[in-house]
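Please open the structure in a viewer and keep the sequence panel at hand. The tour proceeds by selections, each followed by a description of what is found there.

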Amino acid sequence: MRRVIVAVALCLSTVACAVSQQEERQMGEEYATQIAQQLPLVADAEINRYINVLGDSIARLTSRADLDWRFYVVDAKDVNAFAVPGGFIYVNRGLIERTRTMDELAGVLGHEIGHVVRRHTVEQMQQAQKANIGVTLGCVLMPAVCNSGVGNAAINIAGGALFAKFSRTDEIEADIEGFNNVVRARISPKGLVSMFERLIEERKSRPAGVEAWFATHPLEEDRIAGLQARINAMPAAQLNSLNRDSPNYQSFKRRINSLPPSPAPRTQLR
């Protein structure tokens, strides 16, 4: 694994080379290991089963169905979600607690899946590793350093591309992918709009609660208008035939709400 990371890091430090799908998978696994060490992941088997069943029902119908998609709930109260190359999707408990229907959670998953399908996270990683190649190689070659406080910062710097602010173009592309992803899975795209509208409203009244989301996902009203225009263009019969909610989602939501309070933040991934 380290040989793969070093080889790709050296490549990125010298020329603009493409990351193969196999390299993307291996790098995603490496980052997922780091995330598991730095962030508290919900261990509840039923919660993990549901998020993976729902996520896989969307991801397996995309153009990258061959990836080994995996979905995780981060036990954190702030609102956020992010994707790691190779098909690793993370959704904070705080975001799930703000969803009201299945299509809202599905919309968030479809959006993050869209970032992986479009390889936005790979592109960000390439840019960051070119700028921080020394830190990246230092962490890979001297893992003891990365276990220190300085090492944690190094991991955050080296992995910053995975959690950095997406460009407006990236977000619009992920919106389009997310829309298509949920419709393909016979889930209503209305959840994308209602969820984004709720986050914007909370930003006006309680900005601290959604700060993490807006730090990585630039979201403005015109993006919502773009999604709504796509919904309006759909035949009414088709739109009304798509699923908005389910008893399984409501059971999942009750189980999320029954968890003990989220732990205090540890290392802050950005």
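Begin by selecting R70, which counts as partly exposed at 27% relative accessibility. The model is a predicted one. Add E29 to the selection: the two side chains meet in a salt bridge, with an N to O distance of 3.8 Å. This pair links distant parts of the chain, since R70 belongs to strand β1 and E29 to helix α2, 41 residues apart. E29 likewise counts as partly exposed, because its relative accessibility is 33% and the intermediate class lies between 20% and 50%.

**The sheet**

Next, select β1 (70-74) and β2 (81-84), the edge strands, each of which pairs on one side only. Adding β3 completes an open sheet of 3 strands in the order β1-β3-β2, with mixed pairing. From one strand to the next, the twist averages 20 degrees.

The two pairings may be inspected in turn. β1 and β3 run in the parallel sense over 5 bridges, and within β3 the bridge partner of V73 is V91. β2 pairs with β3 (residues 88-92) in the antiparallel sense over 4 bridges; here F82 has Y90 of β3 as its bridge partner. In the hairpin of β2 and β3, select G86, which takes a positive phi near 95 degrees; 3 residues lie between the strands.

Now isolate β3. Which of its residues lie on each side? F88, Y90 and N92 are on one side and I89 and V91 on the other, and all are buried. In a regular strand, side chains alternate between the two faces of the sheet. Because 5 of the 5 residues of β3 are buried, this strand is largely enclosed by the rest of the structure. Display helix α2 (residues 21-38) as well: α2 lies across β1, β2 and β3 and runs at about 30 degrees to β3.

**Further salt bridges**

The structure holds 19 salt bridges. Select R118 and E173, whose closest N and O atoms are 3.4 Å apart in a salt bridge. R118 lies in the loop between α5 (102-117) and α6 (120-131) and E173 in helix α11 (residues 168-184), so the pair ties together parts 55 residues apart in sequence. R118 is partly exposed, with a relative accessible area of 32%, and E173 is also partly exposed, at 23%.

Remaining on α11, select D175, which forms a salt bridge with R223 (2.7 Å, N to O). R223 lies in helix α14 (residues 221-232), so this pair ties together parts 48 residues apart in sequence. D175 is buried, with a relative accessible area of 4%, and R223 is buried at 5%.

Finally, select E24, R64 and R119, which are linked in a network of salt bridges.

How values were computed:
Residues numbered from 1 in each chain as written. Predicted model: local features only at pLDDT ≥ 70, side-chain atom pairs only at ≥ 80, totals over all residues. Heavy atoms only, no water. Pairing = 2+ DSSP bridges. Helix = DSSP H or I, 4+ residues; strand = E, 2+ residues; numbered from the N terminus. Axes fitted to C-alpha atoms, helices over the stretch in contact; angles between N-to-C directions. Contact = heavy atoms within 4.5 Å. Buried < 20%, exposed > 50% of the residue type's maximum accessible area, 1.4 Å probe, protein only. Salt bridge = Lys/Arg side-chain N within 4 Å of Asp/Glu carboxyl O.
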